[in-house]
Amino acid sequence: MPSHPSSRDLLRTLIGFPTVSRDSNLALIHFIRDYLADLGVESLLVPDGTGKKANLYATIGPADRPGICLSGHTDVVPVEDQDWSHDPFDLVERDGRLYGRGTADMKGFVAIALAWAPRFLAARLATPVHYAFSYDEEVGCIGVRGLLKKLEAMPVRPKACVVGEPTSMTPVIAHKGKLSMRAHVHGLEGHSSMTQHGVNAVEYAAEMVAFLRALAREKRDQGPFDDGFDPPYTTVHTGTFAGGTALNIIPNKAAVEFEFRHLPVDDPRELFDRVERFVREELEPEMKTVAAAAGFDFEEITSFPGLAMQEADPEVALVKALSGANATGKVAFGTEAGLFQQAGIPAVICGPGSIEQAHRPDEWISLDQMRRGERFMDRLIERLAA
């Protein structure tokens with residue numbers, strides 16, 4: 001068999017592409033396309049509206065039947081204002097660890113999946129392996145939606161998906177969903193000594209934030225609860241608050257960003273409806289008695305569904321067998337797995353590395369975790385070649 005790059009070699013190459021979400025990922029995607037093409041594997045690229053980013057989808061094995069999809073995102077979070085001990089986009093090996101931006105989240109998994117492509121080909125699989133590599137996961141699971149839409153029109157779709165987010169190779173069968181919103185508050189400015197003639201946008205925004213805080217306490221105290229998650233309830237969080245220009249001017253504008261990270265059984269739209277109803281019925285009438293144009297506008301920043309697989313699902317049993325794990329878990333952070341499930345493709349999250357290392361300076365993945373990921377691929381070959 002001809003020599004092919006190892007997982008470590010490919011990880012070094014992938015880390016060298018600075019695919020921060022705000023920037024293009026095309027250089028990395030084109031590298032993967034060309035790497036697979038050299039093996040005789042054709043790729044489908046699904047670009048974004050600008051043409052500066054793309055998803056990649058490819059199949060190894062028979063194309064007339066559904067297989068197992070290995071899914072990963074190619075974007076990483078920024079490195080600015082982080083105290084790195086070396087160039088974040090240069091892989092460094094030290095003390096049994098591989099350091100670099102994206103090693104854990106989640107180019108380690110992508111590198112392993114690609115390194116095993118020649119072995120998948122040599123095994124003459126009876127059931128195919130599909131690759132699905134996306135963009136802009138880190139900013140709201142944006143890119144994969146276009147790929148999933150493309151898959152809807154295909155005659156053959158994957159029958160199951162493994163999303164290789166860092167779980168220390170423990171199968172994760174559920175995660176929370178997310179709905180994030182931005183409120184724009186419009187008031188009426190004036191001199192601060194004449195507050196009765198103005199509408200203080202900051203103060204009305206603060207009343208909404210206080211309502212959000214009360215809603216957060218309600219979910220914390222009354223649930224619903226699922227002890228598999230940490231924390232075991234839906235959370236409500238205010239992240240940013242901006243408004244005002246000077247102390248002696250009644251602020252005419254304010255902006256607030258807030259989010260719901262919800263259990264799969266909770267409906268975030270119902271929670272937002274409560275917030276909007278409070279604003280429309282309690283705050284705006286008072287605002288409009290002074291200025292008819294005063295009020296709130298809301299815009300959705302991003303949203304993605306939760307994941308809710310069951311222990312008895314055959315896809316869960318498969319991933320447990322491939323990982324060698326006896327137990328499963330649930331996580332509070334979101335992934336693309338919920339979108340795959342929503343699209344009718346059952347998904348389980350399982351990948352090398354720890355989420356505790358993700359997004360930090362000197363991000364790393366252990367060589368042991370890389371080896372465990374490689375054993376996962378070996379077992380997958382045994383299953384799919386049978």
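These are my notebook entries on a predicted model, written for someone who is meeting the structure for the first time.

**Entry 1, the four-stranded sheet.** I began with the sheet and traced its strands, which gave an open arrangement of four in the order β10-β11-β9-β12, with antiparallel pairing. At the edges I found β10, residues 235-243, and β12, residues 295-304, each of which pairs on one side only. I then looked up how the neighbouring strands are turned against each other, and the average is 15°, with direction ignored. As background I noted that strands of a sheet pair through backbone hydrogen bonds, either parallel or antiparallel.

For a closer view I followed β10 to its partner β11, residues 253-262, and counted eight bridges in the antiparallel sense between the two strands. One pairing I wrote down by residue is that of T238, whose bridge partner in β11 is F258. Which helix lies across this sheet? I found helix α6, residues 201-222, lying across β9 (177-186), β10, β11 and β12, and its direction is at about 10° to that of β11.

**Entry 2, a hairpin.** I next went to β1, residues 43-47, and β2, residues 54-60, which run antiparallel and are joined by five bridges. Among the partners, P47 is matched in β2 by A54. The two strands form a hairpin with six residues between them, and in the turn I noted G51, which has a positive phi of about 80°.

**Entry 3, two helices.** I looked up how α8, residues 314-323, packs with α10, residues 367-385, and read an angle of about 125° with the axes 8 Å apart. Because of that angle, α8 counts as oblique to α10. From α8 the contact takes in L318, V319, A321, L322 and S323, which meet F376, R379, L380 and R383 of α10. Sorted by character, the residues of this contact are six nonpolar, one polar and two charged.

**Entry 4, the largest pocket.** I asked myself what volume the largest pocket has, and the value is about 390 Å³. Its lining is made of 20 residues, and those lying nearest the centre are E137, E138, R261, G334 and H359. I also checked which strands contribute, and β9 and β12 each supply at least two residues of the lining, while the largest share, three residues, comes from β12. The lining of this pocket is mixed in character, with eight nonpolar, six polar and six charged residues.

**Entry 5, the enclosed space.** For this entry I kept in mind that rolling a probe the size of a water molecule over the atoms shows where empty space is left. How many cavities of 30 Å³ or more does a search of the whole structure find? The search finds one, and the largest cavity holds about 30 Å³ of space. I listed the lining of the largest cavity as F109, I112, M169, C350, G351, P352, G373, F376 and M377. Helices α3 (103-115) and α10 each supply at least two of the lining residues, and α10 gives the largest share, which is three. The lining of the cavity divides into seven nonpolar residues, two polar ones and no charged ones. Going back to my third entry, I noticed that F376 of α10 is named in the contact with α8 and also in the lining of the largest cavity.

**Entry 6, backbone details.** I looked for cis peptide bonds and noted one that joins D105 and M106, with omega about -10°; M106 lies in helix α3. Another cis bond runs from G223 to P224, with omega near 15°, and P224 is placed in the loop between α6 and β10. I also wrote down D81, which has a positive phi of about 65° although it is not a glycine, and which lies in the loop between β3 (68-73) and β4 (92-94).

**Entry 7, around Y233.** My last stop was Y233, which lies in the loop between α6 and β10. Setting aside neighbours within four places in sequence, I found Y233 in contact with K176, K219, R220, P224, F225, R261 and L263. In that list, P224 is the residue on the far side of the cis bond from G223, and R261 is one of those nearest the centre of the largest pocket. Finally I checked Y233 against A111, which is 122 residues away along the chain, and their C-alpha atoms are separated by 35 Å.

Note on methods. Residues numbered from 1 in each chain as written. Predicted model: local features only at pLDDT ≥ 70, side-chain atom pairs only at ≥ 80, totals over all residues. Heavy atoms only, no water. Pairing = 2+ DSSP bridges. Axes fitted to C-alpha atoms, helices over the stretch in contact; angles between N-to-C directions. Contact = heavy atoms within 4.5 Å. Parallel < 35°, antiparallel > 145°, perpendicular 65-115°, else oblique. Nonpolar A, V, L, I, M, F, W, Y, C, P; charged D, E, K, R; others polar. 1 Å grid on protein atoms, 1.4 Å probe; cavity = no way out; pocket = protein on both sides within 12 Å on 5 of 7 lines; lining within 4 Å. Points joined across faces, edges and corners; volume = space filled by probe spheres on them.
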